[in-house]
Amino acid sequence: MDNLVWEKTLIGTLLAEPRAFAEAEVLIPSDFSGANQVIWAEMMALFSRGGLEVRSLANALETSPDYARVLSDVGNLAAYLEDALRMRGTAVGEYVDRVLDGATRKAVRRNAALIAAEADNDQQSAAEILDY
């Protein structure tokens, strides 16, 4: 499965069983992709206030300044949340590990691209690039 599927599975699982959120508190919004970053941030806020449920999440997202970003990624929010709930499972720890793995791979790819760009810069010596 690709990382977006793991992210959505985790989101659905925790919406169905908010008490399991404690297992996922190591995750931060930047560990997610696209709209899932906004969705995760809202879920964290709702959980901290003891109000994590599907309707409260939908309401929070609909009033979020990032709502247009969410809609551009997921299309219909209600359909996305219903689909996430259908994908839910019970292996929260595994889903967290998969999301972290994807986030780590994304960071490695981003850093590799930055290193490659620096390596193409003829204005710096190889030693300076290695120090960077």
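## Arg-19 and its partner

Does Arg-19 count as buried or exposed, and what is its relative accessibility? In this predicted model, Arg-19 has a relative accessibility of 70% and therefore counts as exposed, the cut-off for that class being over 50%. The side chain of Arg-19 meets that of Glu-17 in a salt bridge, with an N to O distance of 2.8 Å, and Glu-17, at 32% relative accessibility, counts as partly exposed.

## Salt bridges across the structure

Side chains of opposite charge can pair when their charged atoms come close. A search of the whole structure finds 6 salt bridges, and the pair formed by Arg-19 and Glu-17 is one of them.

Another links Asp-83 to Lys-8, whose side chains meet at 2.5 Å, N to O. Because Asp-83 lies in helix α5 (residues 77-86) and Lys-8 in helix α1 (residues 3-16), this pair ties together parts of the structure that are 75 residues apart in sequence. As for their surroundings, Asp-83 is partly exposed, with a relative accessible area of 25%, whereas Lys-8, at 15% relative accessibility, counts as buried, since the cut-off for that class is under 20%. Both residues also belong to a network of salt bridges in which Lys-8, Asp-83 and Arg-86 are linked.

A further salt bridge joins Glu-62 and Arg-55, with the closest N and O atoms 3.7 Å apart. Here Glu-62 is partly exposed, with a relative accessible area of 38%, and Arg-55 is likewise partly exposed, with a relative accessible area of 47%.

## The setting of Asn-36

Asn-36 has its place in helix α2, which spans residues 35-48. With a relative accessible area of 4%, Asn-36 is buried, and its side chain makes a polar contact with the side chain of Tyr-80 at 2.4 Å.

Which residues is Asn-36 in contact with, once its neighbours within four places in sequence are left aside? They are Leu-4, Glu-7, Lys-8, Ile-11 and Tyr-80. Two of these names recur elsewhere in this report: Tyr-80 is the partner of Asn-36 in the polar contact between side chains, and Lys-8 is the residue of helix α1 (residues 3-16) whose side chain forms the salt bridge with Asp-83. Lys-8 is thus a point at which the two descriptions meet, being in contact with Asn-36 and also linked with Asp-83 and Arg-86 in the network of salt bridges.

Key:
Residues numbered from 1 in each chain as written. Predicted model: local features only at pLDDT ≥ 70, side-chain atom pairs only at ≥ 80, totals over all residues. Heavy atoms only, no water. Helix = DSSP H or I, 4+ residues; strand = E, 2+ residues; numbered from the N terminus. Buried < 20%, exposed > 50% of the residue type's maximum accessible area, 1.4 Å probe, protein only. Polar contact = N/O pair within 3.5 Å; in protein donor to acceptor, adjacent residues only side chain to side chain. Contact = heavy atoms within 4.5 Å. Salt bridge = Lys/Arg side-chain N within 4 Å of Asp/Glu carboxyl O.
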